[in-house]
Amino acid sequence: MKLMTAADAAANTNEIAMDAQDGFIRIGEMAKRHDVTLRTLRFYEDKGLLNPKREGATRLYSRRDNARLKLILLGRKVGFSLREVKQMIDLYDPSGTNTKQLKLALDKSEKQLGRLQKQRQAIDEAIGELTEAMSVVRHMLAERQKVSASA
């Protein structure tokens with residue numbers, strides 16, 4: 001028996017089929033494409049990050065929603081908060097130069113890179129200390145095993 005995720009089950013129903021004529025996709029297909037849960041998509045909608053079109057109870061996602069979800073997932077992957085991601089993508093203007101958006105994205109990215117580099121340094125130090133402690137414990141264990149064997 002094969003177990004299905006909610007996204008797979010939804011993608012296999014009529015309600016979630018692709019609507020090819022107008023370029024919209026339904027929630028199950030969107031979830032499957034981006035390897036997220038249906039709950040995640042609804043959460044992002046509640047937070048104002050995505051704005052799917054509605055046909056009754058069916059959510060239909062546009063190319064714009066698809067692009068926004070890619071940016072949301074990238075932002076989360078590199079450690080941005082949803083609030084930061086929303087600030088950056090909400091500044092997008094399809095008819096403008098998006099200079100303000102690009103400057104904000106660069107500023108936030110530089111700050112996040114600094115935080116990640118500090119985290120890496122802390123992790124490297126922790127790994128070094130743990131490695132050293134393990135070496136001491138191994139040495140102590142070997143010494144005690146020698147004493148036990150000779151007794």
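Leu-38 counts as buried, at 11% relative accessibility. The structure is a predicted model. Leu-38 lies in helix α3. The C-alpha atoms of Leu-38 and Gly-28 are separated by 6.8 Å, although these residues are 10 apart along the chain.

Ahead of helix α3 (38-46) comes a loop that links it to α2 (27-34), and Asp-35 sits in that loop. Asp-35 is not a glycine, yet has a positive phi of about 55°. Most residues other than glycine have a negative phi. Asn-98 also has a positive phi, of about 65°, without being a glycine. The place of Asn-98 is the loop between α5 (82-90) and α6 (99-150).

How do the two loop residues stand in terms of burial, exposed or buried? Asp-35 has a relative accessible area of 71% and is therefore exposed, the cut-off being over 50%. Asn-98 has 14% and is therefore buried, the cut-off being under 20%.

| Residue | Phi | Relative accessible area |
|---|---|---|
| Asp-35 | about 55° | 71% |
| Asn-98 | about 65° | 14% |

The model also contains an open sheet of three strands, ordered β1-β3-β2, with antiparallel pairing. Strands β1 (25-26) and β2 (53-55) stand at the edges; each has a single partner strand, so one side of each lacks a neighbour in the sheet. Between β1 and β3 (residues 58-61), which run antiparallel, there are two bridges. Ile-25 has Tyr-61 in β3 as its bridge partner.

Definitions and conventions: Residues are numbered from 1 along each chain as its sequence is written. This is a predicted model: local features need pLDDT of at least 70, side-chain atom pairs count only at pLDDT 80 or more; totals for chains, interfaces and linings use all residues. Side-chain values use heavy atoms; hydrogens and water are left out. Helices (H or I, at least four residues) and strands (E, at least two) are DSSP runs, numbered from the N terminus. Buried means under 20% relative accessible area, exposed over 50%, partly exposed in between (1.4 Å probe, protein chains only). Two strands pair if DSSP finds at least two bridges between them.
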